[in-house]
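Here's a quick briefing to read with the structure open beside you. Have a look at the fold first, then work through the points below.

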Amino acid sequence: MYLTHLECPRCGREHDADVPQNLCECGSPLLARYDLAAAARAIEPERFGLRAADLWRYRELLPVADPRNVTTLGEGWTPMLRAPAYGADIGVDDLLVKDEGLTPTGSFKARGAAVGVSRARELGIRRIAMPTNGNAGAAWATYATRAGLGATIVMPLSAPTICRRECVAAGADLRLVDGLIGDAGRQVAALVAAAEGTVFDAGTLREPYRLEGKKTMGYEIVEQLSWQVPDVIIYPTGGGVGLIGIHKALGELRELGWVEDKLPRLVAVQATGCAPIVRAFAAGDDRAQPWEDAHTVAFGITVPAPLGDELILAALRATAGTAVAVEDAEILTDLRDFAAREGLLLCPEGAACLTAARRLRAGGWIRAGERVVVLNTGAGVKYPETIDVSGVPVLPR
């Protein structure tokens with residue numbers, strides 16, 4: 001393992017990676033830093049192809065030192081599928097979808113949970129607690145159980161029912177809140193404070209290792225494209241850890257010398273009913289203001305006040321990217337159109353990225369001939385209400 005320390009991207013302060021850490025004293029999330037020069041001397045990118053098809057193939061660039069602490073269900077190395085029919089319809093001939101719906105818990109959250117739980121176990125943490133919009137809680141509950149850790153999961157009452165059932169099945173202490181994820185977060189903060197050090201806050205970006213699991217999406221995209229970067233990567237953005245992670249991975253790959261200096265333009269996609277990042281990006285602000293009355297069918301991106309707002313905005317600007325807000329009606333239309341043309345049922349958050357791709361191509365921001373990667377962050381079957389079957393005929397016996 002080449003992990004050296006944790007660093008605050010806001011104030012630059014270094015923190016010890018060998019003890020449990022939450023936020024920096026200045027309130028910023030912490031980022032894991034590695035001795036990438038030493039890693040580059042020790043490993044070659046061609047070697048990864050000889051390893052198991054999971055995210056642990058990148059183990060030198062992950063924060064778990066002892067393999068006995070690795071908690072895995074085979075997560076990672078999800079397929080990247082060409083979408084020629086839908087791509088031709090919207091004018092993006094080289095459109096690819098990275099399908100995170102095929103991870104063990106049905107969403108990309110399994111990546112963060114696998115690495116976050118593994119590192120928590122290595123650092124001696126025995127119980128974690130976290131707020132969630134659904135999928136993250138299901139993933140962390142599942143991986144915590146596999147690692148022998150306790151888990152308290154707090155989610156909004158309106159979160160997808162399947163996620164609630166996943167938490168209960170995994171034996172987690174599940175609590176429901178009649179509110180949004182911020183309300184769940186306040187419940188977790190109170191619980192952690194009352195526990196006096198016996199419960200660790202594993203909320204989004206409140207610990208540094210969930211991000212390390214999610215950055216492997218960036219590694220995989222580049223490796224699956226034969227160590228070439230696409231022109232554009234489009235990501236549904238709520239808490240934004242996946243987008244921040246992909247940007248971190250691309251920077252590490254460049255520092256390792258495995259890709260050239262040019263990086264993909266990153267696109268953060270939000271819904272018009274909850275678009276704090278889009279609003280801040282358009283205004284040229286470095287921080288996002290909380291969004292009032294947040295609501296969208298893409299429940300996973302209903303995050304009115306993302307903790308990683310400045311990291312998201314910095315990633316967009318560093319890559320000459322952009323932020324787009326899309327309507328719920330467009331999301332559901334593109335979800336159905338894509339399934340009818342390509343045979344893949346996306347989650348609403350993934351479908352939001354299709355809407356963004358369509359609009360960006362129509363406006364000329366995506367240029368003809370560019371290679372565009374869309375992230376489908378979860379399995380469409382976890383959101384059965386997105387498909388209306390009321391008009392299906394019932395035949396007599």
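What follows covers a sheet, a group of aromatic rings and some salt bridges. Keep in mind that this is a predicted model. Two totals to start with: the structure holds seven aromatic pairs, and a search of the whole of it turns up 30 salt bridges.

**The open sheet**

- Four strands make up an open sheet, ordered β8-β7-β6-β9, and their pairing is parallel.
- The edges belong to β8 (173-177) and β9 (200-201); each has a single partner strand, so one side of each is left without a neighbour in the sheet.
- Strand β7 (residues 150-156) runs parallel to β8 and is joined to it by five bridges.
- Within that pairing, V154 stands opposite R175 in β8.
- Helix α4 (residues 135-147) packs on the sheet, where it touches β6 (127-131) and β7, and its direction makes about 170° with that of β7.

**Aromatic rings**

- Ring pairs tie F48, Y58, Y219, W227 and W258 together into a cluster.
- Take F48 and W258: their ring centres are 5.7 Å apart and their planes sit at 70°, so this pair counts as edge-to-face.
- That pair links distant parts of the chain, 210 residues apart: F48 is in the loop between α1 (36-42) and β4 (80-82), and W258 is in the loop between α9 (241-256) and β11 (265-271).
- F48 is buried at a relative accessible area of 1%, and W258 is buried too, at 13%.

**R57 and its partners**

- R57 lies over the face of Y58, 5.9 Å from the ring centre.
- The charged end of R57 also sits over the ring of W77, at 4.0 Å from its centre.
- On top of that, R57 forms a salt bridge with E223, with the closest N and O atoms 2.9 Å apart.
- The R57 and E223 pair spans 166 residues, from the loop between α1 and β4 to helix α8 (residues 216-224).
- Both R57 and E223 are buried.

**Other salt bridges**

- E122 pairs with R119 in a salt bridge whose closest N and O atoms are 2.6 Å apart.
- Both of these residues lie in helix α3 (residues 109-122), three residues apart, or about one turn of the helix.
- R119 is buried, with a relative accessible area of 2%.
- D334 forms a salt bridge with R358, the closest N and O atoms being 2.8 Å apart.
- This one connects helix α12 (residues 328-342), home of D334, with helix α13 (residues 348-362), home of R358, across 24 residues.
- D334 counts as buried at 2% relative accessibility, whereas R358 counts as partly exposed at 27%.
- Salt bridges with shared partners join R10, R287, D309 and E310 into one network.

Methods:
Residues are numbered from 1 along each chain as its sequence is written. This is a predicted model: local features need pLDDT of at least 70, side-chain atom pairs count only at pLDDT 80 or more; totals for chains, interfaces and linings use all residues. Side-chain values use heavy atoms; hydrogens and water are left out. Two strands pair if DSSP finds at least two bridges between them. Helices (H or I, at least four residues) and strands (E, at least two) are DSSP runs, numbered from the N terminus. Contact means heavy atoms within 4.5 Å. Axes are lines fitted to C-alpha atoms, for helices over the stretch in contact, and angles run from 0 to 180 degrees between N-to-C directions. Rings of Phe, Tyr and Trp (its six-membered ring) pair if their centres lie within 6.5 Å; planes under 30 degrees apart count as stacked, over 60 as edge-to-face and the rest as tilted. Buried means under 20% relative accessible area, exposed over 50%, partly exposed in between (1.4 Å probe, protein chains only). A charge sits over a ring if NZ of Lys or CZ of Arg is within 6 Å of the ring centre and within 35 degrees of the ring normal. A salt bridge is a side-chain nitrogen of Lys or Arg within 4 Å of a carboxyl oxygen of Asp or Glu.
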